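Me: Hey, can you walk me through this protein? I'm new to reading structures.

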Amino acid sequence: MENLLRPVIVVGGSIVLTLLVGWATDRLLRKADARHSETPLWGLLRTGRVPYQLLICAVLLRGSYDRAELLQEHRVGIGRGLTLVLIGSAAWLIVRIAAAVVETTFTRYASSRAQRDPARVRRVRTQVSLIMRVVAAVVGVVAVAAMLLTFPAMRAAGASLLASAGIIGIVAGVAAQSTLSNMFAGFQIAFGDMVRLGDTVVVDGEWGTVEDITLTYLTVRTWDERRITMPVSYFTSKPFENWSRGGAQLTGTVYWQLDHSAPLDEMRVHLRDVLRACEHWDGRAYDLSVTDSTPNTIEVRALLTAKDADDIWKVRVAVREQMIRWLCEHHAYALPRVNTAEAELPPHAPGTDGGSPSPRRAHEPPRGAGSR
């Protein structure tokens, strides 16, 4: 009976104690989160309850397993497995705690500067995201190394591995040349302020918003909700448009091809009325000018301003549509026309009254052509 109760007490007691400690800790964090609503730290720390409970359970089982006298022939393997779980859960918990602290710090910083300097907030957000990925990678590498060192064979092979580390490093560097270049490009983007999360960019003719930046690739979400993924080294080696650089405000244009008799003064007045009624216009400036002319039409350009790329698109669409509708309803003559009537000669032109041959159409051949 003792041989049966001892494993149940040791293993079951460790699991129950783990659940009790995890429940109590989660309850305390929940109360702290409700009491301090100005900071998200306590709520973010609750996301680490799973690795926290794994860590407690692994510690309890690792320290009391020998007393359970369960599966003694596999004691070494079970102990090593518990050690691996302990190391992995500790690394997982460290990453979660670091992420909670960094996210809380960034939230406080963003709340104080979001209105005054949104571009700097996006820059810090990009840097924080990449730093957290680096921290997670470093913690993961250290955890894996610690797991490997728990095996005696790996410790014995350490000397030979260190002796050949130089050759392995050279081979790995050559093999991972593109990966390493992307990683360094990721750091250059993060701390060089070339492109940030939330920036509006034009890449290879595609307009979109930077949605995600990692150490190796960058994702752009286009206006039609497609995702373009490309290596970050692209942004350090090729030119691209960043509409959010130096501020999100933009100036847009709308063009019309109109007749020479278009009422330009009335169009300027109507453009002003349309913009005043448009909620996306920021009120900074507007203008309407003739930028080109041809024998048949003139090119009229309207300049518009808005606070960001999304609003400038909406303003351009609204102005284009309402101006064309207004011209159709009130000044239809100003729309471009195609003349299909035959041209008439002046009264005293040759071939009208003086007995001269009547004017021929341009496509008719001379009389007698093709006959003998």
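Reply: Sure! Keep in mind that this is a predicted model. Among contacts in the protein with a separation of 6 or more, 63% are between residues 24 or more positions apart.

Me: OK, and how many helices and strands are there in the protein?

Reply: You'll find 12 helices and 8 strands.

Me: What percentage of the residues are buried?

Reply: Of the 372 residues in the protein, 30% are buried.

Me: And what about the area it exposes?

Reply: That's about 23500 Å², with carbon and sulfur atoms supplying 60% of it.

Me: Switching to the sheet: in which order do the 3 strands come?

Reply: The order is 6-8-7, in an open sheet with antiparallel pairing. Strand 6 (250–258) and strand 7 (286–293) each have a single partner strand, so they stand at the edges with one side left without a neighbour in the sheet. From one strand to the next, the twist averages 25 degrees.

Me: How many bridges join strand 7 to strand 8?

Reply: There are 7 bridges between them, and the two strands run antiparallel. Take Val-290 as an example: its bridge partner is Val-300, in strand 8.

Me: Cool. Which strands does helix 11 touch?

Reply: Helix 11 (residues 264–277) packs on the sheet and touches strand 6, strand 7 and strand 8. Its direction makes about 140 degrees with that of strand 7.

Me: And helix 12, what does that one touch?

Reply: Helix 12 (residues 309–330) packs on the sheet too, touching strand 6 and strand 8. The direction of helix 12 makes about 20 degrees with that of strand 6.

How values were computed
Residues numbered from 1 in each chain as written. Predicted model: local features only at pLDDT ≥ 70, side-chain atom pairs only at ≥ 80, totals over all residues. Heavy atoms only, no water. Helix = DSSP H or I, 4+ residues; strand = E, 2+ residues; numbered from the N terminus. Buried < 20%, exposed > 50% of the residue type's maximum accessible area, 1.4 Å probe, protein only. Contact = heavy atoms within 4.5 Å. Areas by Shrake-Rupley, 256 points an atom, 1.4 Å probe, with all protein chains shown as cover. Pairing = 2+ DSSP bridges. Axes fitted to C-alpha atoms, helices over the stretch in contact; angles between N-to-C directions.
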